[in-house]
Amino acid sequence: MLRATHGSLFAIGILAASLAAQEGTQRGKIKKVDAGKTVVTITVDGKDQEFTATEETRFMNAAGQESKDGLQDNAFKEGAEVMFKAFEKDGKNVLVGLKAVSGNSPGSGESAGGIRKAKIKKLDLDKLAITLTVGGKDQDFGLLDSTQVLGGQGKDLKERMQGFKEGSAIFFKSEKRDGKEVVVALKLDDGGSPGQPPLIKVDSSKFKPLTELGTDEYQGFKGGLYPDGKNERPSAHEAAGLALAKQVQPLDADGNPSADGKIVLMSVGMSNTAQSSQGFQKQLGSEKNKNPRLVFVTGAQGGMTAQAIQNPDDNSSGTKYWTRVDQILKEAGVTRAQVQAIWIKQADAGPTQGFPGYAQKLQAELAKIVQIVPSRFPNVKLVYLSSRTYGGYAKSPLNPEPYAYESGFSVKWLIEQQLKGDPALNFDPKRGAVKAPWLSWGPYFWANGSTKRAADGFSYEERDFGGDGTHQSPSGQEKVGKLMLEFFKTDTTTRGWFLLSHQK
């Protein structure tokens, strides 16, 4: 995990940034080392925490080289800045890896290998120019079309440098080209980028799942998956969904009915959704009662948040996401025309808007996403939405509580928007132009940590999440996958086309 990185990308290995790129990584300063007891005390966000090293702990010095001396290495002396990853076991914080990031020469910001740390003062991608504050001094650099951006994706530099802005903290490497200093590689400093919100722990112990909140209120808003605190679809919406569900049938590649055709159910969303999709796919693999004409396709992709995919024509992340979806369908041997049901789980990274601000923002983004469906997937009849899993174990500001919980209101309000007859979400051709599919709740994933839900006993443990406390571990994927399978096997609008036993 923490071994030196090989390859050309940022020979930088990424040195000081290599560990920062990993999920669940933290930064701090060593306060005390007891090599004999293999214990180190690290000050993190002003608090001292004790960590224990084991035989499996990996150590790296500031040059990006693996150290065999462990805590006895001089790189881990008191006062050294470090990046580390750890997990809790038997009441102890156990180190997975520890990396020194000190060793910068005074005032230069430079570490071994020519990698430097800086802040962006000015950025002009059109002119391929960047001004960096390095060691307290401003310095102008050029950029290249070929500048490597660790973690960035895209054909051109503008795409790869999305997220870089004035004030961002970065790691970079520069060289002289034709007498001018140019940046040849760079990476956002994940551990200290200005503007990235700090993780503020929220006591969510008294939060109730929407399915249990009922007519009680959360900050002035009633619970329930549907209006009036209820968890059942309104009768008219249920009837409409059943009618559409009866139209779902195997289709050929052109979208024409065919006994040998396919019924495609596709997921849409981000990395968390992709993980849930993997858990669901594993459950489908052993489900003997699955309709053999059904094909589940994971359209969810890492990093593709609601904000990123809401416009397929933005020539940026939205275009990239939906183009990749087309490729994924092709690789699965199916077409857009065969997609008839979609499951969506979405969120945004690092929300800061509070409630109901963020929930309303996410609702608006979800509305734009479902409005993409009719023109892109002409045979989609049904769209199911889920909110986030529990965020109380989060160790980063990616999407912690209360935002994970509050995303349930985004889904609830979006569906209610359709129930109230908003023309922008109309699914009934008898009422005018179709702007969106029929919308419904899919499986509801939020549970208050280890507190079992009243209706089904569903809950989470910290081990159900990875190092960042947000993404699902294999056990978490299994739990969520089972919940998804149960939903599609039992819901009145899905079981007719999902199950073999319901086929004629």
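At what angle do the axes of helix α7 (residues 357-376) and helix α8 (residues 403-419) cross, and within what distance do they come? The close-up views below take up this question and others for a predicted model, in which local features need pLDDT of at least 70 and side-chain atom pairs count only at pLDDT 80 or more, whereas totals for chains, interfaces and linings use all residues. Residues are numbered from 1 along each chain as its sequence is written, and side-chain values use heavy atoms, with hydrogens and water left out.

**View 1. The crossing of helices α7 and α8.** The two axes come within 8 Å and cross at roughly 50°, where axes are lines fitted to C-alpha atoms, for helices over the stretch in contact, and angles run from 0 to 180 degrees between N-to-C directions. That angle makes α7 oblique to α8, since angles under 35 degrees count as roughly parallel, over 145 as roughly antiparallel, 65 to 115 as roughly perpendicular and the rest as oblique. The crossing of α7 and α8 is right-handed, meaning that the near helix is turned clockwise from the far one by less than a right angle. On the α7 side the contact involves Tyr358, Ala359, Gln360, Leu362, Gln363, Leu366 and Ala367, which meet Tyr403, Glu406, Ser407, Phe409, Ser410, Val411, Trp413, Leu414 and Gln417 of α8; contact here means heavy atoms within 4.5 Å. These residues divide into 10 nonpolar, five polar and one charged, with Ala, Val, Leu, Ile, Met, Phe, Trp, Tyr, Cys and Pro counted as nonpolar, Asp, Glu, Lys and Arg as charged, and the others, Gly among them, as polar. Helices (H or I, at least four residues) and strands (E, at least two) are DSSP runs, numbered from the N terminus.

**View 2. The crossing of helices α4 and α9.** The axes of helix α4 (residues 271-285) and helix α9 (residues 474-490) come within 7 Å and cross at roughly 65°, and α4 passes α9 in a right-handed crossing. Gln275, Ser276, Gln278, Gly279, Phe280, Gln283 and Leu284 of α4 make the contact with Gln477, Glu478, Val480, Gly481, Lys482, Met484, Leu485 and Phe488 of α9. The residues of this contact divide into six nonpolar, seven polar and two charged.

**View 3. The salt bridge within helix α8, and others.** Lys412 and Glu416 meet through their side chains in a salt bridge, at 3.0 Å from N to O, a salt bridge being a side-chain nitrogen of Lys or Arg within 4 Å of a carboxyl oxygen of Asp or Glu. Being four residues apart in helix α8, these partners are separated by about one helical turn. Lys412, at 3% relative accessibility, counts as buried, and Glu416, at 13%, counts as buried too; buried means under 20% relative accessible area, exposed over 50%, and partly exposed in between (1.4 Å probe, protein chains only). Elsewhere, salt bridges that share partners join Arg233, Glu238 and Asp491 into one network. Glu331 pairs with Arg324, the closest N and O atoms being 3.1 Å apart; Glu331 is exposed at 52% relative accessibility, whereas Arg324 is partly exposed at 34%. In the salt bridge of Asp216 with Lys208, the closest N and O atoms are 3.7 Å apart. By this rule the count comes to 19 salt bridges.

**View 4. The surroundings of Trp438 in strand β18.** Trp438 lies in strand β18 (residues 438-441) and is buried, with a relative accessible area of 0%. Leaving aside residues up to four places away in sequence, Trp438 touches Arg233, His237, Ala240, Gly241, Leu244, Lys381, Leu382, Val383, Tyr384, Gln418, Phe427 and Thr493. The C-alpha atoms of Trp438 and Tyr384 are separated by 8.5 Å, although these residues are 54 residues apart along the chain.

**View 5. Cis peptide bonds and residues with positive phi.** Most residues other than glycine have a negative phi, and most peptide bonds are trans. A cis peptide bond, with omega about 10°, joins Phe355 and Pro356, and Pro356 lies in the loop between β16 (339-345) and α7. Another cis peptide bond, with omega about 10°, joins Glu401 and Pro402, the latter lying in the loop between β17 (382-386) and α8. Leu128 has a positive phi near 55°; Leu128 is placed in the loop between β7 (116-124) and β8 (129-134) and is partly exposed, with a relative accessible area of 24%. Asn315 has a positive phi of about 55° although it is not a glycine; Asn315 is found in the loop between α5 (306-309) and α6 (317-331) and counts as exposed at 64% relative accessibility.
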